[in-house]
Amino acid sequence: MKSLIKLSLLKMRGQVRALFSKPTSAVATIFMVLLYGAIIVGNFMNSSSEDVIGMSIDIHIGILVSLAMSALMVIMQLMNKNKAMLMGEDAFYLLGGPFSRRQVQSFVVGYTYVQAIYMSLLSLFMVISLVGSTSMLVILCIFLANYFIYVFFLGLTDYLYVVGIVFPKLANVAKYVGYAILICVFAVAGYFVFETGFDLQTALLKFAQTDAFYFIPVFGWAKMFISGAVDGNTLYTLLGLGLLVVSSIVIFILFRNFPYDYHEKAIEDSFALSNKMKAAKSGNTDAMRDTSKLKNYNSKFKLGAWAISSKLILEMRKRKQLVSIQELITLALFAGMSIILEFGIVWFSGMLVYWVVISSQTANFKEEFQNYMIYLIPDSPLKKMLAIVGPTILKNIVVVALAITVVGVIGQEKIYDIGYAIMMVVGYLFVCISANILTLRLFKSTANRTFVLLMQMLIVILCIIPSIALSVWLLFTLTLQEGQILQLFSIVSIFANIVVAGIIIFLCRNMLNGRELQSE
């Protein structure tokens, strides 16, 4: 066991050294640490309980959002079909080496504990961003609560994984656990919605502050622990912490003492998942998807370069990529917060800009640009480029327009405010897509995916500076009423960002000549 501990420590040290092995990865690591650090410190320096958009967030609502994010990540983990207990090389060494079953399973549990730290820090960052300044005791309790949530469910996922290998009939139990969590949450939340006469905001406040939430296993205990610390209730604090610790110990004992042989299948799954992850890091967005089940669709192909658009739209339909489950969940979360907490369409539009920035980074234009068949089409490179990016732009415009319209109608916003909000987000969409193309043009076939994504984010920031600067200048120059500010930012955004995007695409119009994507 000592050798396993030593090797795990050496591996962790090697991972840290790898982050600083190259100047590009070192700069990316330092930049991300400073960025998150600046956001957290900025929130602590703000003495008021308001977030960055100036809206007061109740601490109980912030806690509920944190637990919702943890629940979302846990449910996605439980329902994920791409599962493995270890990565390929680790699985081959541990499961095929001279180690007992208990030693291997103890090592996996230790790895789970480390992984839970990273995930709980992300949930903590969400709460700090929403709530702002709060006490260190509350922050520590939020971290510990989310930590034990991830320890329990990651351990449960590993346990159900090995149970599914030994007993194939139980392979889908993890999925049913995810459904059970959703049913429990919706049952309790639905009760309060009905009790308050379908007043969603009041129902959410009651749901966040009531003791009935504590009856939801694990998540309710975490809420009890944090709320006890916030309200000064020592009994609830100790009881919630005790239940979390006991549940984590129980799942640890069950997994560590699992007596059956599962090594061969675990090694096979580990190498399969490792290969998928390597392909995904290299830019293959289909690597982690199940493309074995594709539906047949009838489609008509246009002529010339626009046949590329026809092909891409057909692939989206067959692979169900028009809107992914993750995108729907994210949009539903933003929409729910905007409607229930009455943040308004301006806040929701800001969240959609954030979603557009993230979504544009997952667009895999590089694979299509490197398709040699495109060069056989007798059309201009610029038209081919527009045909490649067109379906992605169209898809996101439809999603953005529908999302803003639904939130605007439910929130009883004015029609022209809905239109202005759509214009603003669409303007940023054009900039993000063009920044993706410019990143490919500048960094070409660079293999470091993390560095490329970081540079793409920086390029997006540089590209949106003109529209923001122009909007701010007009804001201080013109005399505007409160309702005209959204109109100003929307009009400037759509025109300035489209101009910037058009310039970028025009300058990159020769990317499809067969040479521009190769690094010198």
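These notes go through some local features of a predicted model, from helix 7 to the cysteines.

1. Helix 7. This helix covers residues 173-195, which is 23 residues. From its first C-alpha to its last it reaches 33 Å, close to the 33 Å expected at 1.5 Å a residue. Just after the helix, Gly-197 takes a positive phi of about 70°.

2. Buried residues of helix 7. Ala-174, Gly-178 and Ile-181 are buried in this helix, and so are Val-188, Phe-192 and Val-193.

3. A nonpolar surface patch. Tyr-176, Tyr-179, Leu-182, Ile-183 and Phe-186 make a nonpolar patch of about 560 Å² on the surface. Of these residues, Tyr-176 can be looked at in detail: Tyr-176 lies in helix 7. Its relative accessibility is 52%, so Tyr-176 counts as exposed, whereas Ala-174 and Gly-178 in helix 7 are buried.

4. Val-218. This residue lies in the loop between helix 8 (200-209) and helix 9 (219-231). Val-218 has a positive phi of about 65°, although it is not a glycine. A reader checking the backbone may compare Gly-197, a glycine with a positive phi of about 70°. Is Val-218 buried or exposed? Val-218 counts as buried because its relative accessibility is 4%.

5. Leu-238. Helix 10 (residues 234-256) contains Leu-238. The residue is exposed, because its relative accessible area is 57%. How far apart are Leu-238 and Phe-225 in space, C-alpha to C-alpha? The distance is 6.9 Å, while in sequence Leu-238 and Phe-225 are 13 residues apart.

6. Cysteines. How many disulfides does the model have? The count is zero, with a disulfide taken as a pair of cysteine sulfur atoms within 2.5 Å. Cys-463 is in no disulfide, and the nearest cysteine sulfur, that of Cys-432, is 8.8 Å away. At 8% relative accessibility, Cys-463 counts as buried.

7. Cys-508. Why does the sulfur of Cys-508 form no bond with the closest cysteine sulfur? The closest cysteine sulfur is in Cys-463, and at 9.8 Å it is too far for a bond. Cys-508 counts as buried because its relative accessibility is 3%.

How values were computed:
Residues numbered from 1 in each chain as written. Predicted model: local features only at pLDDT ≥ 70, side-chain atom pairs only at ≥ 80, totals over all residues. Heavy atoms only, no water. Helix = DSSP H or I, 4+ residues; strand = E, 2+ residues; numbered from the N terminus. Expected span 1.5 Å × (residues − 1). Buried < 20%, exposed > 50% of the residue type's maximum accessible area, 1.4 Å probe, protein only. Patch = residues over 30% accessible without salt bridge, like charges linked within 9 Å, V, L, I, M, F, W, Y side chains within 5 Å. Areas by Shrake-Rupley, 256 points an atom, 1.4 Å probe, with all protein chains shown as cover. Salt bridge = Lys/Arg side-chain N within 4 Å of Asp/Glu carboxyl O.
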